[in-house]
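Trainee: I have just opened this model and would love a friendly tour. Could you help me find my way around?

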Amino acid sequence: MPSAPLATDAVRRPRVVEQLVRGTPGSDGAGVKLTRVLAQPLQRRLDPFLMLDAFGSDDPRDYGAGFPDHPHRGFETVTYMITGRMRHRDSAGHEGLLQSGGVQWMTAGRGIIHSEMPEQEEGRMEGFQLWLNLPADEKMCDPWYRDIQAAEIPEFDLPGVRVRVIAGQSHGIAGAVSRERTQPLYLDVHLEQQASFAQALPASHNAFAYVYRGRLRAGGREVPARHMAIFGNEEHADGIVLHADEEPARALLIAGQPLGEPIVQYGPFVMNSHEQIYQAVEDFRAGRLGR
């Protein structure tokens, strides 16, 4: 059953929408079709978040080849499955089955090699993968993995609204995961028609919403489906308000504390300097990554 929320998230001065971004179609892994919503040019603006991909198809040719063995170093991946089944295996000996409504939270740390392969041959597969940066002094930490089943993700209801709290805290409800340094907030917000949802946030936290069903209004702008709204960091603002009009809407609301550190990315490696990237590539080629 959903937990009982607290009336603690009143927002009197909502943030405005600074920019609308439509995702770019592409593919990754062994040819999985996806939409890249948060791409490399926005990494500084949306620090500590590095990437957001959305995937969704009823055609197994779009997802069946999956994501065979590939390396990572220096950040965390958060895979949220709306519907479908995907098997995770990695070089640290972790294995788990990501199912509808569940989350796979993986900390690559100093390095890991893993695969994410569909465990279905038909039907719809839909979800998201978010990359969350690690602070400089944690980039070489031990790899970590958690498979979070749908029933383990806290939920709460407000009038016309249901919220799933994947990370952070909303209306007094603590999410499935927390991080002290980046303080990620990751909500899946379902709004009935004419419903509104308010989320208090520190002005210093970078924040965005991605609408994946319907459309909504936020910060004085209409946000259509498959668009990301980047919210401004006005000093006087105290949070974000999402509002659905004549149709229901669903959106991810994501925010976090910026690290303010250099970001150097080379494919699956995200470090703080080019020298660290060279070392990651060398470690991978020498078979040291993930051991």
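Trainee: Which residue is the bridge partner of A209 in β24?

Mentor: Good place to begin! This is a predicted model, where local features need pLDDT of at least 70, side-chain atom pairs count only at pLDDT 80 or more, and totals for chains, interfaces and linings use all residues. Residues are numbered from 1 along each chain as its sequence is written, and side-chain values use heavy atoms, leaving out hydrogens and water. Strands are DSSP runs (E, at least two residues), numbered from the N terminus, and in β24 the partner of A209 is L253.

Trainee: How many bridges join β19 to β24?

Mentor: Two strands pair if DSSP finds at least two bridges between them. Strand β19 covers residues 206–213 and β24 covers residues 249–256, and they run antiparallel. The number of bridges joining β19 to β24 is seven.

Trainee: Which are the edge strands of the open sheet?

Mentor: The order of this antiparallel, seven-stranded open sheet is β1-β22-β19-β24-β17-β14-β13. An edge strand here pairs on one side only, and that describes β1 (17–22) and β13 (155–158).

Trainee: Which class has the most residues in the lining of the second largest pocket, and how many are there?

Mentor: Nonpolar means Ala, Val, Leu, Ile, Met, Phe, Trp, Tyr, Cys and Pro, charged means Asp, Glu, Lys and Arg, and the others, Gly among them, are polar. This lining has five polar and seven charged residues. The class you want is nonpolar, with eight.

Methods
Helix = DSSP H or I, 4+ residues; strand = E, 2+ residues; numbered from the N terminus.
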